[in-house]
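Trainee: Could you pick one part of this model and give me a close look at it, then show me how the rest connects?

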Amino acid sequence: MSKYIIINNKIKKFDKKIEVDGDKSLSIRFALLASQAIGKSTAYNLLKSEDVFSVVNCLKKLGVKIRWNKKNNLCEIIGNGLNSYAYKKNLILNGNNSGTCVRLLTSLLINSPEKIKITGDKSLSKRDMKRITEPLSKFGASFYPKNKSTLPLYIKGSNYLTPIHYLELKGSSQCKSGVMLASLLTEGETIIKCKPSRNHTEHLFKYLKIPIKIKKKNNFEIIKIKGKKNFNSFKYIIPGDISSSAFFIVLTLLSKNSKLIIKKVGVNKSRTGVIDILNKMGAKILLKNKKNYKGEKIADIHVKSSKSLKSINCPTKLNTSAIDEFLIIFLAAAKAKGISYFKNLEELNKKESKRLDWGSKILKMIGIKNKLIGNHGIKIWGRPNLILNKNYEIKNYLKDHRVMAMSTIAALTLGGKWKIHDSDSINTSFPSFFNILQKDLGLKIYR
Ligand code: S3P
């Protein structure tokens with residue numbers, strides 16, 4: 001039975017400081033790299049969400065020892081170096097809802113002597129895996145059934161891996177990071193030419209002293225990695241997730257007379273497109289108390305209600321750095337003065353659900369005129385004075401956590417009576433979402 005919430009009140013004005021849960025991308029990368037390091041690695045504030053649990057459970061099945069002390073907020077992972085997974089017969093690894101789990105973890109299995117079955121939930125089983133099985137096949141791994149591009153899939157690795165030259169044109173960090181992880185297991189130099197995308201894996205490789213060189217060339221990055229070099233265990237503090245923060249940023253912008261500080265958030269430039277876009281729309285979001293941490297940037301995000309957002313012709317160069325935030329950006333555009341355009345976003349319909357289509361559907365439902373531009377964009381006619389007073393229902397059958405969170409923020413800022421199904425989907429990425437709304441921001445939600 002799907003869980004649902006009822007919201008029939010807008011949020012009252014607030015002036016608060018909050019912390020959001022740990023960054024999902026960094027949490028998954030920490031776990032995977034720690035599993036290949038030599039010795040005990042420790043993460044503080046690792047995200048305790050279902051996507052990260054999927055990674056941890058898969059690693060445990062591969063024989064990796066993991067102790068998670070949730071009271072101290074510490075997770076310890078004991079690695080035995082490269083090529084140290086214990087491959088049992090008939091192993092099944094389930095990524096559940098997490099594309100990052102499956103695409104990155106599979107890359108560390110390209111030397112498995114056993115056939116491993118990789119599965120996922122209904123949403124993940126619809127998503128394209130060719131984007132990762134193709135480059136991994138070039139390293140020498142085999143996938144079955146041949147030419148199948150969706151899960152379930154079987155992988156069998158090889159003893160004779162060869163480094164590859166890989167061209168990445170989607171701006172996908174999952175593809176780039178997958179190839180980077182595969183290169184660790186492969187003797188020789190792997191060369192990646194890629195469109196810029198989130199660069200946490202690069203920062204971690206540098207911090208771990210894995211031999212990596214990165215150059216910029218025109219609009220591409222060239223990454224060269226020398227494989228088969230063991231690296232030592234490490235300690236890491238996971239900052240707050242900018243993708244989770246984005247919902248609270250827009251909540252504040254669209255609420256009256258409110259202020260919010262979100263403490264200790266990861267503000268790596270390859271992730272802060274949402275702030276750049278909202279500031280171009282007239283928001284005044286500030287980053288204060290900036291710090292550098294092992295290659296990453298951390299800051300407190302300061303945001304205030306906005307009296308007047310304006311429309312945007314969104315520069316496509318910001319697309320990859322805001323890729324998970326477009327649903328909530330569309331909501332801001334719905335309340336902005338003028339017509340907004342978002343283009344070259346074909347990747348958006350390839351996420352946990354078809355998010356471009358969802359954006360259009362939810363905006364239509366609340367009376368915001370919009371038009372899809374081919375399969376890659378959307379034109380939104382903003383209505384700054386939009387106030388809702390009808391009943392709205394969101395049935396999110398692929399349980400997309402970001403559809404759920406965006407609908408909740410719409411309900412809290414626009415009014416009307418909302419019934420939002422599959423509210424537990426938030427546990428995929430942001431388990432404290434409702435707690436923050438209720439305990440920190442004083443909201444009443446009926447479940
Ligand atoms: C992620 C990269 C993005 C993003 C996903 C997490 C990552 O996917 O949408 O939620 O951690 O590398 P793509 O790299 O495929 O765009």
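**A covered helix and what lies around it**

Mentor: Take helix α6 (residues 200-207): 6 of its 8 residues are buried, so the helix is mostly covered. Buried here means 20 or more other C-beta atoms within 10 Å of a residue's own, with exposed at 12 or fewer, partly exposed in between, and C-beta atoms placed from the backbone. Helices (H or I, at least four residues) and strands (E, at least two) are DSSP runs, numbered from the N terminus. Before going on: the model is predicted, so local features need pLDDT of at least 70 and side-chain atom pairs 80 or more, while totals for chains, interfaces and linings use all residues. Residue numbers start from 1 along each chain as its sequence is written.

Back to α6: the buried set is His200, Thr201, Glu202, His203, Leu204 and Phe205. Their cover includes α1 (24-34), α5, β12 (212-217), β13 (220-226) and β17 (296-304), where contact is C-beta atoms, placed from the backbone, within 7 Å. After α6 comes Lys209, with a positive phi near 60°.

Now follow α5 (residues 173-184), because it's in that cover and also gives the largest share of the shell around the ligand, 3 residues. The full list around the ligand runs Ser25, Thr100, Ser172, Ser173, Gln174, Ser177, Ser197, Arg198, Ile323, Asp324 and Glu347 (near means a C-beta atom, placed from the backbone, within 6 Å). Sorted by class, that shell has 7 polar, 3 charged and 1 nonpolar. For the classes, Ala, Val, Leu, Ile, Met, Phe, Trp, Tyr, Cys and Pro count as nonpolar, Asp, Glu, Lys and Arg as charged, and the others, Gly among them, as polar.

Where does the ligand lie relative to the domains? Domain 1 (4-22 + 239-440) and domain 2 (24-237) both supply shell residues, so the ligand lies between them. Those bounds come from an automatic or database domain assignment. Taken over C-alpha atoms, the centres of domain 1 and domain 2 are 29 Å apart. Their contact takes 25 residues from domain 1 and 26 residues from domain 2. On the side of domain 1 that touches domain 2, the classes come out as 11 polar, 10 charged and 4 nonpolar residues.

One more piece, for the sheet fans: there's an open sheet of 4 strands, ordered β6-β7-β9-β8, with mixed pairing (two strands pair if DSSP finds at least two bridges). β6 (91-94) and β8 (142-144) stand at its edges with a single partner strand each, so one side of each has no neighbour in the sheet.

Technical notes: Two residues are in contact if their C-beta atoms, placed from the backbone, lie within 7 Å.
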